[in-house]
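Here is a friendly walk through a protein model. Keep the picture at hand and follow along, one part at a time.

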Amino acid sequence: MRHLLDTRSLDRDEALRVLDVAEDMAETQSRQIKKLPTLLGKTVVNLFFEDSTRTRISFEAAAKRLSADVINFSAKGSSVSKGESLKDTAQTLEAMGADAVVIRHSASGAPRTLATSGWISAGVVNAGDGTHEHPTQALLDAFTIRKRRYGADSRGRDLSGLRVVIVGDVLHSRVARSNVWLLSTLGAEVTLVTPPTLVPQNVSQWPVRVLYDLDQALAEGPDAVMMLRIQVERMHAAFFPTEREYSRLWGLDALRAATLPESSIVMHPGPMNRGLEISSEAADSARSTVLEQVTNGVSVRMAVLYLLLAGERNDERGEAK
Amino acid sequence: MNRNLVITGAQLLGGGSADIAIEDGVIVEIGAGPTRSGARVVDAAGLVALPGLVDLHTHLREPGFEASETVLTGTQAAAAGGFTAVFAMPNTQPVADTAGVVEQELALGEAAGYATVQPIGAVTVGQKGERLAELGAMAGSRARVRVFSDDGFCVWDPLIMRRALEYVKAFDGVIAQHAQDPRLTDGAQMNEGIVSAELGLAGWPAVAEESIIARDVLLAEHVGSRLHVCHLSTAGSVDIIRWAKKRGIRVTAEVTPHHLLLTDELVRDYHARYKANPPLRTAEDVTAVREGLADGTIDIVATDHAPHPAENKACEWQVAANGMVGLESALRVVHQSMVATGMLDWADVARVMSSAPAGIGQLQGFGSLEVGAPAHVTLYDPSVPGVFTEADLHGRSHNSPYLGRDLPGRVQWTIHGGVVTVDDGQLVQELV
């Protein structure tokens, strides 16, 4: 793998490879000594133009457990519109000898610009770009769904026949986009449940069904319900009238969660707005995978860094394959 | 200095070929074998003779943004593309909203000499959309401004727009509107549709253009004024203009070369050279604007030549500047999208890229090749295939979306008032 920029361009085999390597990584994480020497001498830069402590420490833990050197470059403040340009930052990292750059950016497409500009030869991992994609989040979500479903028998399996409902602000969600592509590629049936204002105006080419009625979607007994974080600021841009109304129509409260089959799981990428998109009962119930997602995130990111830096790289500068 | 020319064997728009004699900047004879002792002979066999091209929508950036373009470099780019006159948009710094600034712009053009520069005045002070600029002073100035535009911004307030349309009737002016509802395009990054949904870029919906055009044609009808719609880009806009013209409303419309050729599919790599305002639209929109241009609904092609320095494009899409340079490529793009497809012939090209824009802008002496007219001539070779490269660019900025793309044809000669500005395919460095 040369870069990981999105899940839309991942095929089924590539995606399964990441998930299966993540299984191997997860196994090592139950040992007493978690550290592997695999990436000794490699340098991974966490280039964060946007605050995200959770994602950064997850990547940092993943890199360190593979023995890579980690540099955290917080570029917040040198914002996209002023100060140092992405180009100058990239060239600085190149000059320092970065082998991989994990980039988080508020502008959609910034990781692709970084990877295709010729400014840098390092592998690029998208750790969330604007409202575009967040591929490692989707990979850890797929890993979590598969693990809950198949346990120790997960390796090599896809998500065929599983039904996943994604609920909330799809319009602004990179997590939703990455999950739509990845889960579909892996064979799952994806349903989006959103207020009509919070889904892109034209999703006719997406491999999904769109519903506005959460109760209808839940009545079908989906295997997984993924709640997206809602940003309260959206209310002021007339996407929905009030928090109360949003919560009433699209929040997963205790009553709604109780209607789900025993085996259904409830997911959330965090951080949660308890009482808004998800109730504490739902978030803390046995069906909630919120903390497993965090744990699995480290394994999945170890797998991604491993495949980027230790796996075969047929062409040093070309496209991934 | 002898500036007499005889162009021999040029292909005329009415069919057939002829020789064109030019003396002291004026066409003195068109026919078979005129001879002029001592005149320079330009062999134009196989070349199409067009009246010198006129661009109603150019950003020359000077004064204020000389890192992007100057009047000199912009008019050199114009000449290289076969243009002999450009209308300069007023979004300079200071904004061209007073007689002083438009006269300065005019003088810079006269000094450069590569093309006639006709200033466009701002509609409102500072292009802020709040108070009318001194339109009458600009109209009465040496720059003789007749076209007014806040291009880059929409004259959004319907009352200000109504007043502007009414006011310019006093000197038969026209308001050239950049049709973009600012509320519907808050933070917009690209055409809203299938591609924006995938890329996670905020959408610039077609309706934000169409709703303003619909409002403006109704206002123009109500007050009996002339409206020009800049860079129309959507199928719906074509329908509205078609309806308005059928109704007898005095509206004209332009389309850019890039909206005739490129679509929003190109945005998928987030390469900011494809970022423009209005944005690249869908293939259906491209088809509709081509049909609109072919059937006369759209009156003209105008470049919206918008130079930007490299650092404003080599960056994240979201912070990149809007706009593309277009003067050097315009005729070749129209050739490829409209002539090669059989939708326009060369006489139509002369209309949409010369006589009609000159007419809308009331620029005298442009738009026709006839005896007694100033010698503004473009000689174009449509027979050569080609790839558009950096070597084709002559302005200060290189933000062209066509670099590396196949574009047929070549501007072989450009003559501005009898002065050769492109000489056998080469931009003349020292004008004589």
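In which sense do strand β10 and strand β13 of chain B pair, and over how many bridges? This is a predicted model, and in it β10 (residues 174-177) and β13 (residues 227-229) of chain B pair in the parallel sense, over 3 bridges. You can pick out one of the partners by name: B:Q177 has B:V229 in β13(B) as its bridge partner.

Now widen the view to the sheet around these strands. It is an open sheet of 5 strands in chain B, with parallel pairing and the order β9-β10-β13-β14-β15. At the edges sit β9 (147-149) and β15 (300-301) of chain B, each of which pairs on one side only.

Look next at B:F148. Setting aside neighbours within four places in sequence, B:F148 is in contact with ten residues that you can find one by one: B:I120, B:G121, B:A122, B:V123, B:L135, B:A164, B:V168, B:G173, B:I175 and B:A176. B:F148 also belongs to the largest nonpolar core, which has 234 residues. Along with B:F148, the residues with the most contacts inside this core are A:V101, A:L305 and B:A49. Which helix gives the most to the core? That is α11 (residues 290-309) of chain A, with 10 residues. As a general background, nonpolar side chains tend to be buried together in soluble globular proteins.

Let us step back to the domains. Chain B is divided into domain 1 (5-48 + 374-427) and domain 2 (53-360). Their C-alpha centres lie 26 Å apart. The contact between them takes 28 residues from domain 1 of chain B and 40 residues from domain 2 of chain B. On the domain 1 side, β16 (377-381), β17 (410-416) and β18 (419-423) of chain B each supply at least two residues.

The two chains meet as well: 24 residues of chain A are in contact with 18 residues of chain B. On the chain A side, the elements giving two or more residues are α3 (86-96), α4 (110-116) and α6 (174-185) of chain A. The largest share of this side, 4 residues, comes from α4(A).

What kinds of residues make up these two touching sides? The table sets them out.

| Side | Nonpolar | Polar | Charged |
|---|---|---|---|
| Domain 1 of chain B, touching domain 2 of chain B | 14 residues | 12 residues | 2 residues |
| Chain A, touching chain B | 6 residues | 13 residues | 5 residues |

Definitions and conventions
Residues are numbered from 1 along each chain as its sequence is written. Chains are lettered from A and ligands numbered from 1 in the order in which they are written. This is a predicted model: local features need pLDDT of at least 70, side-chain atom pairs count only at pLDDT 80 or more; totals for chains, interfaces and linings use all residues. Domain bounds come from an automatic or database domain assignment. Two residues are in contact if their C-beta atoms, placed from the backbone, lie within 7 Å. Ala, Val, Leu, Ile, Met, Phe, Trp, Tyr, Cys and Pro count as nonpolar, Asp, Glu, Lys and Arg as charged, and the others, Gly among them, as polar. Two strands pair if DSSP finds at least two bridges between them. A nonpolar core is a set of buried Ala, Val, Leu, Ile, Met, Phe, Trp, Tyr and Cys residues joined through C-beta atoms within 7 Å. A residue is buried if 20 or more other C-beta atoms lie within 10 Å of its own, exposed if 12 or fewer, and partly exposed in between; C-beta atoms are placed from the backbone.
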